[in-house]
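Me: I'd like to go through this structure with you, piece by piece. Can you keep to what the atoms show?

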Amino acid sequence: MSKPHLVLRDVHRHYGQGDKVIRVLEAANLTVQSGELVALVAPSGAGKSTLLHLSGLLESPQGGEIEIIGIPTSKLGDRGRTQLRRSTVGYVYQFHHLLPEFTALENVSMPQLIAGVSPADADKRSMELLDLLGVGPRASHRPAELSGGEQQRIAIARAAANHPKVILADEPTGNLDPETSDIVFGALANLIKNEGAAALIATHNHDLARRADRVVTLKGGLVVDHIL
Ligand code: ADP
């Protein structure tokens with residue numbers, strides 16, 4: 001049975017003070033279930049990154065509640081938020097941010113080692129993820145020896161390494177050509193179904209967004225369903 005892994009309830013987020021206030025989110029609501037892939041499509045400046053940062057507990061709303069796997073976060077302190085983020089959220093950026101001096105496999109194993117997983121178990125999990133994403137044969141290569149699409153799939157494997165319940169991706173294919181974008185998005189979608197994570201993916205690419213379970217946009221400070 002699907003479970004809500006990410007819930008935003010009446011979330012408010014504004015920036016600035018006095019008459020220079022930018023109201024990005026006003027009573028925004030969103031629920032993403034386990035195994036569900038939601039695409040977020042909205043113009044630049046609409047608040048996509050803000051929504052992702054809030055969902056990933058990287059910033060706090062001025063009002064409302066954000067729940068990750070049923071845990072309300074508004075009353076958590078910095079340490080509690082960091083702990084919950086580390087144990088439940090995986091983040092994929094537009095640029096891969098892989099460590100250049102380490103192989104693909106080591107890049108994916110690193111967050112697991114930091115979390116206390118044994119090297120043997122970490123490498124086993126990394127290899128499974130790299131295979132699932134179609135880059136298993138590239139495991140021993142360093143980022144500079146890989147194509148953009150391969151680098152991004154390794155960044156996705158790294159984000160998924162510690163079994164996150166929520167995967168957030170900010171324009172994960174924004175830097176790739178259309179054909180490669182298609183491959184990377186397909187690999188990401190496959191991973192989300194396989195892992196039963198809840199995914200929120202900001203993208204400008206309407207063709208890719210159509211492949212999501214649901215498409216939402218931002219309007220008047222609300223998250224609303226979007227028909228492409
Ligand atoms: P998007 O990701 O859709 O391009 P953002 O979430 O980055 O949009 O930004 C939404 C709005 O909030 C923009 O008008 C942006 O300038 C403003 N904004 C974002 N972050 C900050 C910040 N730290 N301080 C002030 N304004 C910000």
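Me: Is Gly-18 buried or exposed?

Reply: Gly-18 is exposed, with a relative accessible area of 66%, where exposed means over 50%, buried under 20% and partly exposed in between, using a 1.4 Å probe and protein chains only. Before going on, please note that this is a predicted model, in which local features need pLDDT of at least 70 and side-chain atom pairs count only at pLDDT 80 or more, while totals for chains, interfaces and linings use all residues. Residues are numbered from 1 along each chain as its sequence is written, and side-chain values use heavy atoms, with hydrogens and water left out.

Me: Ok, and where does Gly-18 sit?

Reply: Gly-18 belongs to the loop between β1 and β2, the strands being DSSP runs of E with at least two residues and the helices runs of H or I with at least four, numbered from the N terminus. Measuring aside, the computed C-alpha to C-alpha distance from Gly-18 to Ala-39 is 33 Å, with their positions 21 residues apart in sequence.

Me: Switching to the ligand: which residues surround it?

Reply: The ligand is surrounded by Tyr-15, Ile-22, Val-24, Pro-43, Ser-44, Gly-45, Ala-46, Gly-47, Lys-48, Ser-49 and Thr-50, a residue being near if one of its heavy atoms lies within 4 Å. By class, this shell has 5 nonpolar, 5 polar and 1 charged residues, where Ala, Val, Leu, Ile, Met, Phe, Trp, Tyr, Cys and Pro count as nonpolar, Asp, Glu, Lys and Arg as charged, and the others, Gly among them, as polar.

Me: What polar backbone atoms do the ligand oxygens meet?

Reply: An oxygen atom of the ligand lies 2.9 Å from a polar backbone atom of Gly-47, and for Lys-48 the corresponding distance is 2.8 Å. A polar backbone atom of Ser-49 is likewise 2.8 Å from an oxygen atom of the ligand. Taken alone, the ligand exposes 560 Å², of which the protein buries 58%, with areas from the Shrake-Rupley method and a 1.4 Å probe.

Me: Which element gives the most to that shell?

Reply: That is α1, with 3 residues.

Me: And why is α1 called largely enclosed?

Reply: Because 6 of its 8 residues are buried, α1 is largely enclosed by the rest of the structure. The buried residues of α1 are Lys-48, Thr-50, Leu-51, Leu-52, Leu-54 and Ser-55. Just after α1, Leu-57 takes a positive phi of about 60 degrees.

Me: Which residues of α2 are buried?

Reply: In α2, which covers residues 78–88, the buried ones are Arg-81, Leu-84 and Thr-88. They cover an arc of only 70 degrees around the axis, which puts them on the same side of α2, the arc being that of the directions from the helix axis to the C-beta atoms. An α-helix has 3.6 residues a turn, so residues three or four places apart point the same way.

Me: What's on the other side of α2, and what covers the buried one?

Reply: Asp-78, Arg-79, Gln-83 and Arg-86 are exposed on the other side of α2. The cover over the buried residues of α2 includes β4 (63–68), β5 (71–72), β6 (89–92) and β7 (166–170).

Me: How about Ser-87, which polar contact does its side chain have?

Reply: A polar atom of the Ser-87 side chain lies 3.0 Å from the backbone oxygen of Gln-83; a polar contact is a pair of N or O atoms within 3.5 Å, and within protein one must be able to donate a hydrogen and the other to accept it, with residues adjacent in sequence counting only if both atoms are side-chain atoms. Ser-87 is found in α2 and counts as partly exposed at 45% relative accessibility.

Me: Back to the start of the chain: what does His-5 touch?

Reply: Leaving aside neighbours within four places in sequence, His-5 is in contact with residues including Val-32, Glu-67, Ile-69, Lys-165 and Ala-197, contact meaning heavy atoms within 4.5 Å. His-5 is found in β1, residues 4–15, and counts as buried at 8% relative accessibility. A polar atom of the His-5 side chain is 2.9 Å from the backbone oxygen of Lys-165.
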